[in-house]
Amino acid sequence: CNEGLHMINLNDPGNPAFAGCFSDDGYTHDVQCVIYKGSDDRYNGREICFAANEDTVTIVDVTDKSNPRQLSKESYPDFRYVHQGWLTEDHNYLLI
């Protein structure tokens, strides 16, 4: 996965299996994936990952593991390192 998002199928916990990759934004340090339930109805019920990728936060729809789709990518001035983020309980904000 070239240090990007590496997805594992755990339907059979005793036999984890490779499910997919997303490496379009390079190295992923940390990620939080959820079944989205926020205010953007276009993505409700979809599996969305919020990835901390050193100099960006990248949001990826991984509902289809064989074809993950980048939804957004944001960098910001004067960054040091996007280490990780936490999604609020209502899925409306990502705290960095």
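Is N2 buried or exposed in this protein? N2 counts as exposed, because its relative accessibility is 64%, and anything over 50% goes in that class. Keep in mind that you're looking at a predicted model. The protein has 8 strands and 0 helices, and the points below walk you through its overall build and then a handful of residues worth finding on screen.

**The big picture**

- Go along the sequence and you'll meet the pattern β-β-β-β-β-β-β-β.
- The radius of gyration is 13 Å, which agrees with the value near 12 Å that a compact globule of 96 residues would have.
- Draw a box around the C-alpha atoms along the principal axes, and its sides come to roughly 45 × 30 × 20 Å.
- Of the 96 residues, 30% are buried.
- Take the contacts between residues at least 6 apart in sequence: 37% of them link residues at least 24 apart.

**Surface and charge**

- The protein exposes about 6200 Å², and carbon and sulfur atoms supply 46% of that area.
- There are 7 positive and 16 negative charges.
- Average the positions of each kind of charge, and the two mean points sit 4 Å apart.

**N53 and its partners**

- You'll find N53 in the loop that links strand 4 (47-52) to strand 5 (57-61).
- N53 counts as buried, since its relative accessibility is just 3% and the cut-off is under 20%.
- Its side chain makes a polar contact of 2.9 Å with the side chain of D25.
- The side chain of T28 also makes a polar contact with the side chain of N53, at 2.9 Å.
- Setting aside residues up to four places away in sequence, N53 touches D25, Y27, T28, H29, T58 and V82.

**T28, on the other side of that contact**

- T28 belongs to the loop between strand 2 (17-22) and strand 3.
- With 14% relative accessibility, T28 counts as buried.
- Leaving out neighbours within four places in sequence, T28 is in contact with E3, G4, L5, A51, A52 and N53.

**Two residues with positive phi**

- Most residues other than glycine have a negative phi, so positive values are worth a look.
- N2 has a phi near 50°, a positive value in a residue that isn't glycine. N2 sits in the segment before strand 1 (5-9).
- E54 has a positive phi too, near 65°, and isn't glycine either. You'll spot E54 in the loop between strand 4 and strand 5.
- E54 is partly exposed, with a relative accessible area of 35%.

**Q32, a strand residue**

- Q32 is part of strand 3 (residues 30-35).
- At 25% relative accessibility, Q32 counts as partly exposed.
- A polar atom of the Q32 side chain lies 2.8 Å from the backbone nitrogen of L87.
- Skipping its neighbours within four places in sequence, Q32 is in contact with I48, C49, F50, G85, W86 and L87.
- Q32 and A52 are 20 residues apart along the chain, with 8.8 Å between their C-alpha atoms.

**Y81 and Y93, two loop tyrosines**

- Y81 lies in the loop between strand 6 (69-74) and strand 7, while Y93 lies in the loop between strand 7 (86-87) and strand 8 (94-95).
- Y81 is partly exposed, with a relative accessible area of 36%, whereas Y93 counts as exposed at 56% relative accessibility.
- Ignoring residues up to four places away in sequence, Y81 touches Y27, H29 and E54. With the matching neighbours ignored, Y93 touches W86, L87 and T88.
- Y81 and A52 are 29 residues apart in sequence, yet their C-alpha atoms are 8.8 Å apart in space.
- For Y93 and G38, the gap along the chain is 55 residues, and the C-alpha atoms are separated by 8.9 Å.

Technical notes. Residues are numbered from 1 along each chain as its sequence is written. This is a predicted model: local features need pLDDT of at least 70, side-chain atom pairs count only at pLDDT 80 or more; totals for chains, interfaces and linings use all residues. Side-chain values use heavy atoms; hydrogens and water are left out. Helices (H or I, at least four residues) and strands (E, at least two) are DSSP runs, numbered from the N terminus. The radius of gyration is taken over C-alpha atoms; the globule rule is 2.2 Å times the number of residues to the power 0.38. Buried means under 20% relative accessible area, exposed over 50%, partly exposed in between (1.4 Å probe, protein chains only). Contact means heavy atoms within 4.5 Å. Accessible areas come from the Shrake-Rupley method with a 1.4 Å probe; for residues, only the protein chains shown count as cover. Lys and Arg count as positive and Asp and Glu as negative; His and the chain ends are not counted. The place of a charge is taken as NZ of Lys, CZ of Arg, CG of Asp or CD of Glu. A polar contact is a pair of N or O atoms within 3.5 Å; within protein, one must be able to donate a hydrogen and the other to accept it, and residues adjacent in sequence count only if both atoms are side-chain atoms.
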